[in-house]
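Subject: Structure handover

Hi there,

Here is the structure I promised to pass on to you. Have a look at it first, and then read my notes below.

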Amino acid sequence: MTHPRGSASKTAALSAALSGAVDLSALKARAEAPQKQPPAPPRPADGAAPAAGGAVIDVTEATFQTEVVERSLQQLVVVDLWAEWCGPCKQLSPVLGRLAAESGGAWVLAKVDVDANPRIAQLFGAQSIPTVIAIGGGQPVDAFSGALPEPEIRKWLGSLLDALRDRLPGIKAAEQNGGGVEVPEDPRFTEAEEAFERGDFAAAQAAYERILDVEPANEEAKTALAQVKFTARAEAAGPDAIAKADADPADLDAQLAAADLEVAGQQPEAGFARLIAVVRRTAGDDRNKVREHLVALFELFDSADERVMKARRDLASALY
């Protein structure tokens with residue numbers, strides 16, 4: 001589930017899972033085996049930023065050791081796990097590629113087609129795609145999953161480059177040549193985020209709605225607005241919402257409130273199952289109300305989340 005300006009909880013969980021648990025040398029034997037691969041691009045001298053044309057590279061199991069692990073000793077390497085059939089990947093990958101080119105060699109984007117290179121996805125324990133892993137000094141340092149908005153990606157990259165500047169000579173070299181990642185601040189989002197952080201959900205909602213009045217297609221504002229509305233509902237539900245719903249299965253509003261509380265309490269499967277059960281036993285306007293509420297809950301998660309995918313299938317079965 002996300003929160004305004006990104007998915008920090010998802011990022012933290014994935015980063016924690018990777019920390020100290022991924023041995024990037026696992027593919028070394030495969031990389032050293034004879035393969036029919038194109039020659040690797042020339043390696044930059046220590047501390048030198050690579051040419052702009054090398055900002056994005058396609059990586060395979062055979063080239064992973066050289067192009068990711070060894071390269072990450074000099075510069076930040078951002079691994080993009082993608083697939084041709086993945087819709088969010090087609091939104092995220094071009095943004096990452098453009099930002100890599102803008103960085104002037106501070107970091108490089110390593111694209112991995114998980115269908116052609118499943119061992120790499122298995123190495124990182126990726127549960128969904130797109131998944132993006134930052135590699136520095138030969139080890140994973142951070143990660144996120146899902147197609148984050150560009151401002152959030154810029155912020156993420158900026159934090160990484162700041163943290164790794166003294167460890168990776170390529171970052172300093174690129175910055176001296178005018179590269180790097182700037183993080184633009186949008187005062188409209190700042191206003192909304194500050195309202196959200198102080199618990200003024202009405203003000204936060206109004207701020208995001210003003211953005212959407214001017215920019216109806218702003219995905220960042222749409223995502224944040226959905227999260228604000230959900231958080232406000234979940235806090236209003238009260239700690240006894242689940243008990244009330246269990247005591248009176250016919251109370252539609254109680255079921256909706258209980259599902260919100262379950263999702264907020266990191267039990268999305270329970271919340272989804274609750275509302276799907278209500279869909280099965282209702283009809284007409286009541287059924288439509290529950291369906292719309294459930295779909296809104298789905299939108300709080302990565303569309304490739306296995307829990308959401310299963311719940312969507314179960315909802316379709318309940319409806320038809």
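**How H8 and H9 pack**

Helix H8 passes helix H9 in a left-handed crossing, a term used when the near helix is turned anticlockwise from the far one by less than a right angle (clockwise would be right-handed). Before I go on, please note that this is a predicted model: local features need pLDDT of at least 70, side-chain atom pairs count only at pLDDT 80 or more, and totals for chains, interfaces and linings use all residues. Residues are numbered from 1 along each chain as its sequence is written, and side-chain values use heavy atoms, with hydrogens and water left out.

H8 covers residues 187–197 and H9 residues 201–214; their axes are 7 Å apart and the packing angle is about 160 degrees. H8 is therefore roughly antiparallel to H9, the label for angles over 145 degrees (under 35 is roughly parallel, 65 to 115 roughly perpendicular, the rest oblique). The axes are lines fitted to C-alpha atoms over the stretch in contact, and angles run from 0 to 180 degrees between N-to-C directions. Helices here are DSSP runs (H or I, at least four residues) and strands are E runs of at least two, numbered from the N terminus.

On the H8 side, the residues that meet H9 include Arg 188, Phe 189 and Phe 196, and their counterparts in H9 include Phe 201, Tyr 208 and Ile 211. Contact means heavy atoms within 4.5 Å. The residues of this contact divide into ten nonpolar, no polar and four charged. In that split, Ala, Val, Leu, Ile, Met, Phe, Trp, Tyr, Cys and Pro count as nonpolar, Asp, Glu, Lys and Arg as charged, and the others, Gly among them, as polar.

Two of these phenylalanines come up again with Thr 231, a residue of helix H10 (residues 219–237). Leaving aside residues up to four places away in sequence, Thr 231 touches Phe 196 and Phe 201. Thr 231 is buried, at a relative accessible area of 14%; buried means under 20%, exposed over 50%, and partly exposed in between (1.4 Å probe, protein chains only).

**Salt bridges**

The count comes to 21 salt bridges, each a side-chain nitrogen of Lys or Arg within 4 Å of a carboxyl oxygen of Asp or Glu.

Arg 188 forms one with Glu 215, with the closest N and O atoms 2.9 Å apart. This pair links distant parts of the chain, 27 residues apart, since Arg 188 is in H8 and Glu 215 is in the loop between H9 and H10. Arg 188 is partly exposed at 28%, and Glu 215 is partly exposed at 30%.

Asp 246 and Arg 274 also meet in a salt bridge (3.1 Å, N to O). Asp 246 lies in helix H11 and Arg 274 in helix H13, so the pair ties together parts 28 residues apart in sequence. Arg 274 is buried, at 13%. Salt bridges that share partners also join Arg 98, Glu 102, Glu 150 and Arg 154 into one network.

Within that network, Arg 154 and Glu 102 have their closest N and O atoms 3.0 Å apart. Arg 154 is in helix H6 and Glu 102 in helix H4, so this pair ties together parts 52 residues apart in sequence. Which of the two is buried? Arg 154 is, at 13%, whereas Glu 102 is partly exposed at 39%.

**The whole chain**

The protein has 15 helices and five strands, and 48% of its 320 residues count as buried.

Best wishes
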